[in-house]
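Notebook open, coffee poured. Today I am going through the pockets, the cavity and the two ligands, one entry at a time.

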Amino acid sequence: MRILSGIQPSGVLHIGNYFGMMQPAIALQAEGEAFYFIADYHALTSLQDPKALREHSRGVALDCLACGLDPERAALFRQSDVPQVTELAWILSTVTPMGLLERCHSYKDKTARGLPASAGLFTYPVLMAADILIYDSDVVPVGKDQKQHLEVTRDIAVKINETFGEVFKLPEPRIQTSTGVVPGLDGQKMSKSYGNTLDIFGEEKETRKRVMSIVTDSTPVEAAKDPESSVIFQLFSLLAGDAQRQEMRDAFLRGGTGYGEFKKRLFAALWDYFAAMRARRAEILAQPDYIDDVLAQGAQRANQVADAVMCRVREAVGL
Ligand code: ADP
Ligand code: TRP
């Protein structure tokens, strides 16, 4: 079974990315041959700063390795180290109906948030389909927001198969639903673009300050509080064990503890949860060539598969 996923290096990773995408993808690496890549071509649709793009790409690789991605099991590489994927995207675009792309939410959402309405942003799902199909992927773990892109990928693969014969396998999405959407400091979805994140590897003082700034209602200290609707409790639930979670829930319902105290417990749980990963990250940073070596090795494995699939595609379409 080949597992494939990608993440855009458009900023620093936050705990929404971790629980929504990285943790499930890392858990899956034990179940098959995993290919994970840093979607730097895609990031160009929103980040046009070469220095920042390069830094974020290495940063995402570092964070994935620190969080447990095992380069012996999973190939980790940059999307742009397999440029054949852009050739495939072109071929796919010639059978992709405009209407299919016009229906995509992410284009509408992103332009509504102020991203320039470029052709690249519009055809983003075609490049994503190429990412998936070029590795004969079986399973694609992604967050809920990417579900439509997986449907588009399958539609494009079917269209190619109908037109040119059986060229592609149809990939299955593996949508992470157990975590749901991780809320940010203001209660909206945690997202880089909303400035409401807790970063996985944020600096200690800043992270504490951010936890303490979580927006709460004005229930007095003595009063009972509703755990389910509280961002503090929701985040704590992701980070703490069952017993600690039950303890906090009881304290919410009992009253007598203020939100400030709950925030302190949340910070402690957060800091503790990522402690071993922070240590691993420091170890990796102490080996200057490690990240580049991992990415080069990953690119080699990815290129082998991509070259073979592209031979098949070129033959099928008459190039
Ligand atoms: P952002 O919204 O911060 O820009 P991305 O869109 O780059 O994040 O998302 C990268 C991955 O992380 C996707 O698979 C997405 O589903 C997941 N993800 C992002 N934010 C959250 C969140 N708040 N809760 C759960 N998963 C998330
Ligand atoms: N669009 C994905 C995101 O924003 C990143 C991505 C690009 C991806 N290509 C992919 C994810 C292929 C899975 C498979 O999160």
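**Entry 1: the second largest pocket**

Which residues line the second largest pocket? I listed them as Tyr41, His42, Leu44, Thr45, Thr86, Ala89, Ser93, Gly120, Thr123, Tyr124, Val126 and Leu127. A reminder to myself before going on: this is a predicted model. I got a volume of about 190 Å³ for this pocket. Helix H2 (40-43), helix H4 (84-93) and H8 each bring at least two residues to its lining. By class I noted 6 nonpolar residues, 6 polar and no charged.

**Entry 2: the largest pocket**

Next I turned to the largest pocket, whose volume is about 1,400 Å³. I found 44 residues in its lining, and Gln8, Asn17, Asp145, Gln146 and Lys189 lie nearest its centre. Two or more lining residues come from each of S1, H1, helix H6 (105-112), H8, S4 and helix H9 (147-164). The lining splits into 16 nonpolar, 20 polar and 8 charged residues. Then I checked what sits there: ligand 1 takes space that is the largest pocket, and the space taken by ligand 2 is the largest pocket too.

**Entry 3: ligand 1**

What surrounds ligand 1? I noted 14 residues, the closest being His14, Asp145, Val182, Ser191 and Lys192. I then went through some polar contacts. Histidine 14 places a polar side-chain atom 2.7 Å from an oxygen atom of the ligand. With the backbone, I wrote down methionine 190, where an N or O atom lies 3.0 Å from a nitrogen atom of ligand 1, and glycine 143, where a polar backbone atom is 3.4 Å from an oxygen atom of ligand 1. The protein covers 87% of the 540 Å² of accessible area that ligand 1 has on its own. Its shell holds 4 nonpolar, 7 polar and 3 charged residues.

**Entry 4: ligand 2**

I did the matching lookup for ligand 2 and found 14 residues around it, with Gln8, His42, Tyr124, Asp131 and Gln146 the closest. Here I followed contacts to side chains. Tyrosine 124 has a side-chain N or O atom 2.7 Å from a nitrogen atom of ligand 2. A polar side-chain atom of aspartate 131 is 2.8 Å from a nitrogen atom of the ligand. For glutamine 8, the distance is 3.2 Å between a side-chain N or O atom and an oxygen atom of ligand 2. The protein covers 90% of the 370 Å² of accessible area that ligand 2 has on its own.

Which element gives the most to this shell? I found that H8 does, with 4 residues. Strand S1 (2-7), helix H8 (124-133) and strand S4 (139-142) each supply at least two. The shell comes out as 8 nonpolar, 5 polar and 1 charged. I also marked two names that recur: Tyr124 and His42 are among the closest to ligand 2 and also line the second largest pocket.

**Entry 5: the cavity**

How many cavities of 30 Å³ or more are there? My search of the whole structure gave 1, and the largest cavity holds about 100 Å³ of space. It has 13 lining residues, and Ile7, Met21, Tyr36, Cys64 and Leu69 are the closest to its centre. S1, helix H1 (15-28) and strand S2 (33-38) each give two or more residues to this lining. H1 has the largest share, 4 residues. I closed the page with the classes for the cavity lining: 11 nonpolar, 2 polar and no charged residues.

Terms used:
Residues numbered from 1 in each chain as written. Chains lettered and ligands numbered in written order. Predicted model: local features only at pLDDT ≥ 70, side-chain atom pairs only at ≥ 80, totals over all residues. Heavy atoms only, no water. Near = heavy atom within 4 Å. Polar contact = N/O pair within 3.5 Å; in protein donor to acceptor, adjacent residues only side chain to side chain. Areas by Shrake-Rupley, 256 points an atom, 1.4 Å probe, with all protein chains shown as cover. 1 Å grid on protein atoms, 1.4 Å probe; cavity = no way out; pocket = protein on both sides within 12 Å on 5 of 7 lines; lining within 4 Å. Sits in = over half its atoms within 2 Å of the grid points. Nonpolar A, V, L, I, M, F, W, Y, C, P; charged D, E, K, R; others polar. Points joined across faces, edges and corners; volume = space filled by probe spheres on them.
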